[in-house]
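Trainee: I would like to learn how to read helix packing and salt bridges from a set of coordinates. Could we work through an example together?

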Amino acid sequence: MTDLCSVVDDRAAELALDIVDEPERTELLAHAESCERCRRTLDDLADTADRILLAAPEVEPPVGFESRATAVARDVTARTGVPAPAKPVRRSAVVVAIAAALVAIIGGVAIGGIGEPSTPAATNAPALGGSGELASAAGDHVGEAAIVVGSEPILVVSLDDAKVGERYECHLVFRDGTTIEVGTWAPRGPNHTWSIPIDRAALDAVQLVVADADGSSVATADLT
Amino acid sequence: MMVLSSARADRLSDAALLAAIALGEPDACAVFVRRYQRQVYGLALTMCSDPTTSEDVAQQTFERVWRHAANFDGRRASVRTWVLMICRRLAIDAVRLRRSVPLPPEAIDPLLPPAADRMPEDRATDASDVVAVRLALGNLSDEQRRVVLLASLGGHTAVEIAEREGIPIGTAKSRLRLGLTRLRAELGTEQAAMGTEQAAMATERATVDTEQATTGTERATTGTESPDPDTRGRP
């Protein structure tokens, strides 16, 4: 425990509430960044401090606010451009959105911050991999699947009308017909989305099969 | 740009909606504003008092969201918390820039009516979260609650709080520390009382509506805090 640890202890509440003036704030936060003990202390309190903001009452903004705020979004997009998916193929919106969220999350790990628009990480930049629509045996659309390729690939699966209480097994199928089971999933509600880390070797899979607890196929998706 | 209908965007989780915004989906922006505008404007108005300033702050908040949507880190904050932290920082800056008085002490009491009275207005938030926070604040001593709210919603430093409250700075710091620590304990108790099912749902909301699992054994993922360094510098 260092002298700075003592200062962080003393000022933890103020740091968590973000009311410490510079340059002390930066100095203490930089210390906490490299000190697990202090980081944990601050994280515990900061979570509570953040939730206090919920105490503020909701108030209807002035008429026209929504359209003005949305118009700003168009301006921002026009000025800054839109980050495009790494693989611009047709994808289902929901799974793309969720997978993109994971890309952002994983990217955050690599990039390490939120303050400014990120630049692509030099290596291991996450990207959207294979994806496809889940279809029933009858060919009906029943969900989506996508793979996020980062330092640890993640399979994202969304099954419409998933049955609560049911357990679904997910299998990846390779070009040579071999399969691997990647996990079992117990939905908490319809349209529930599930993700699971997969082995990098599984990136070569060409198809996802979702089966029920009896092993009967519920849906398949070609991953392209 | 992907095509995302407004109806589908409406059904997206907050984090997925943010991801859609990052991909440049205009309908997602509109849905996001509808989902959060009352809460954002309410926080801005609470902190700034002035409607014009508050609208500016609320609008800037959404502009920051559009700019940084791709960088949101769902491991460290819920979307709601992230947005409110951005709003808070902008409100503090706006108030200081205009040299107006941030959250005068007499403005604190109206923030804490009986929690149930606020329920119908809390459309954008999970009511149980709001009630839990207000109940927990209500369980602090008056002195602790005042300094915690002056710091959180007022953005006052410990020195400023000491001056405003007419107390020694050591007392202000002590009240802040004890107040926040007790609040954490209260909210922790409340969380436990939510029961397994609700707690699981809360965890899920805080995630990107996803869960990671290993074969046969589920484990939660991605679901905690994420401050914008622009709005908070904690690690």
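**Salt bridges and a helix pair**

Mentor: Let us begin with one residue, Arg89(B), which is buried, with a relative accessible area of 15%. Please keep in mind throughout that this is a predicted model.

Trainee: Which side chain does Arg89(B) meet in a salt bridge?

Mentor: The partner of Arg89(B) is Asp18(A), and the N to O distance of this salt bridge is 2.7 Å. Because Arg89(B) lies in helix α5 (residues 79-97) of chain B, while Asp18(A) sits in the loop between α1 and α2 of chain A, the pair joins two chains. Asp18(A) also counts as buried, at 6% relative accessibility.

Trainee: Which residues do salt bridges with shared partners join into one network here?

Mentor: That network consists of Asp18(A), Glu22(A), Arg25(A), Arg89(B) and Asp93(B). Over all chains, the structure holds 17 salt bridges.

Trainee: How should I read the salt bridges of Arg11(A), and which partners does this residue have?

Mentor: It helps to ask where each partner lies along the sequence. With Glu14(A), the side chain of Arg11(A) forms a salt bridge of 2.7 Å, N to O; the two are three residues apart in helix α1 (residues 3-16) of chain A, and are therefore separated by about one helical turn. With Glu24(A), the side chain of Arg11(A) forms a salt bridge of 2.3 Å, N to O. Since Arg11(A) belongs to helix α1 of chain A and Glu24(A) to helix α2 (residues 24-34) of chain A, this pair ties together parts that are 13 residues apart in sequence.

Trainee: Are Arg11(A) and Glu24(A) buried or exposed?

Mentor: Arg11(A) is buried, with a relative accessible area of 13%, whereas Glu24(A), at 28% relative accessibility, counts as partly exposed. Glu14(A) is buried as well.

Trainee: And how is the packing of two helices described?

Mentor: One gives the angle between their axes and the distance between the axes. In chain B, helix α3 (residues 26-48) and helix α4 (residues 51-68) pack at an angle of about 140 degrees, with their axes 8 Å apart. The two helices, α3(B) and α4(B), are therefore oblique to each other, and α3(B) passes α4(B) in a right-handed crossing.

Trainee: Which residues make that contact?

Mentor: Among them are Phe32(B), Tyr36(B), Val40(B) and Leu45(B) of α3(B), together with Val57(B), Ala58(B), Phe62(B) and Trp66(B) of α4(B). By class, the residues of the contact between α3(B) and α4(B) divide into 15 nonpolar, four polar and one charged.

Conventions: Residues numbered from 1 in each chain as written. Chains lettered and ligands numbered in written order. Predicted model: local features only at pLDDT ≥ 70, side-chain atom pairs only at ≥ 80, totals over all residues. Heavy atoms only, no water. Axes fitted to C-alpha atoms, helices over the stretch in contact; angles between N-to-C directions. Helix = DSSP H or I, 4+ residues; strand = E, 2+ residues; numbered from the N terminus. Parallel < 35°, antiparallel > 145°, perpendicular 65-115°, else oblique. Left-handed = near helix turned anticlockwise from the far one by under 90°. Contact = heavy atoms within 4.5 Å. Nonpolar A, V, L, I, M, F, W, Y, C, P; charged D, E, K, R; others polar. Salt bridge = Lys/Arg side-chain N within 4 Å of Asp/Glu carboxyl O. Buried < 20%, exposed > 50% of the residue type's maximum accessible area, 1.4 Å probe, protein only.
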